[in-house]
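Student: Please take me closely through the empty space in this model, and through the elements around it.

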Amino acid sequence: MILYEIEQKFKREKLTDLKGQIRSELKANKQLNSLPIDAEIAITAGSRGINNIVVILREIINYLDEHGYRPFIVPAMGSHGGATAEGQMGVLRYLGITEDAMGVPIRSSMEVMDLATTPEGLPVYMDKHAYHADGIIVVNRIKAHTAFRGSVESGLSKMVAIGLGKQKGASFVHSEGAANMEQNILAVSKHALHHTPICMGLAIIENSYDQTAIIQGIEVDKWFEQESQLLRKSKELMPTLPLKEVDLLVVEEMGKNYSGTGMDPNIIGRWRIDGVDEPKEPCIKRLAVLDLSEQSFGNAQGIGLADFTTEKLINKINRNATYMNALTSTFLRRVMFPLYYASERQVLEYAFKSLGPKAKREDVDYVQIPNTLHLNKMLVSESALRKIDSNAIDYSIERKLQLEFINEELKYRLLSFT
């Protein structure tokens, strides 16, 4: 099969003075700066691979140190890391967030404080170390959620309700399904904002190139309004596939470092949640995923979004971590194994075959991406290339390639454009 490597050109809005912006936002927050000298301040750290997160956390710590506060880091990642204190420390360690790197303690525990029950009947939990601090700074990236749509999705409120709620909080917020996620997150985080030491949020938005585009401080009394505005901005900067309909999408690697669901449903157009209608676009007829990232620590949440995969990926799966994540979220279909084969060659052969006997390979709209986070470069078939609307999509053709197999794995041979 002849493939073309194309490069999509997205908006490149990027923050140039990262440290200066962080200090400016911290300085502007009256609630933070009204805390007494020597106050203990918890800073949240999640499980996502956020660009510049080590620099961001370190600069927050520097600012707090200079103003006489005693900062520490608390893992805020719900049930991730196998729902253990040691596992969550391990996740942070892999992200480069260690006590040596940060210069402050990391206090990891799955113990929570049972704060109250919301009018909707949901218990409100919070990590015990964070709750007993004098102040909490909630730090997280804001982006579209992988299971629902709402005024707030994946971001600060979710980190308060689910991340700081640990496994208990995450389970209850998810317990009523995707349709109720927004209202549950809002209800739990609203109570926490007014009955815990949360003094501010620090929101991060990344552009389509996985670069830090915006850092903005969030005030407690304007929390939901400001987060909603940033969510809309984040969606404007999201990358997309260049086609709304694809016969075969090949994802080279999935993992929690690319999306909480391994492969971002917002990109591939698949929810796989009971009772929730599938998106109308993009429409992906067949999806194959070839490998699981090392940064996912065996957590293959989202493998059930694929139709085909490799034995290599299956053998990397840590079922305990994967199943715990699925049980907490209640989205069980997302971890059900697809058809899997011994080699990448077999995966593609059977994926093509599944399109039906009338589908000729030269007519298949084939798209291959490295993962669902980085979509600026990808491989597309000649058929797919002809269907990309150059008036709507800004892209360039970089190379022409011949898809081949060596030792049953995907390889490519460079071809001349002439």
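**Pocket and cavity**

Tutor: The largest pocket holds about 410 Å³ of space, a volume being the space filled by probe spheres set on grid points joined across faces, edges and corners. The grid has a 1 Å step over the protein atoms alone; a pocket is an open set of points with protein on both sides within 12 Å along at least five of seven lines, a cavity is a set where a 1.4 Å probe fits but cannot get out, and lining residues have an atom within 4 Å of a point. Of the 21 residues that line this pocket, Val-91, Lys-256, Gln-295, Ser-296 and Phe-297 are the closest to its centre. Two or more lining residues come from each of α4 (85–94) and α13, and α4 gives the most, with three residues. The model is predicted, with local features needing pLDDT of at least 70 and side-chain atom pairs pLDDT 80 or more, whereas totals for chains, interfaces and linings use all residues. Residues are numbered from 1 along each chain as its sequence is written, and side-chain values use heavy atoms, without hydrogens and water.

Turning to enclosed space, a search of the whole structure finds three cavities of 30 Å³ or more, and the largest of them has a volume of about 520 Å³. Its lining counts 33 residues, among which Arg-48, His-80, His-145, Lys-158 and Gly-260 are the closest to the centre. At least two lining residues are supplied by each of β6, α7, α8 (166–174) and α13 (319–329), where helices (H or I, at least four residues) and strands (E, at least two) are DSSP runs numbered from the N terminus. The largest share of this lining, four residues, is that of α7, while α13 contributes to the pocket lining as well.

The sheet places two of these elements in context. Its five strands form an open sheet in the order β3-β2-β6-β7-β8, with mixed pairing (a pair needs at least two DSSP bridges), and the edge strands, each pairing on one side only, are β3 (70–75) and β8 (212–218). Strand β2 (residues 40–45) pairs with β3 in the parallel sense over six bridges, and in β3 the bridge partner of Thr-44 is Val-74. Helix α7 (residues 156–163) packs on the sheet, touching β2, β6, β7 and β8 (contact: heavy atoms within 4.5 Å), and its direction makes about 115° with that of β6 (axes are lines fitted to C-alpha atoms, for helices over the stretch in contact, and angles run from 0 to 180 degrees between N-to-C directions).
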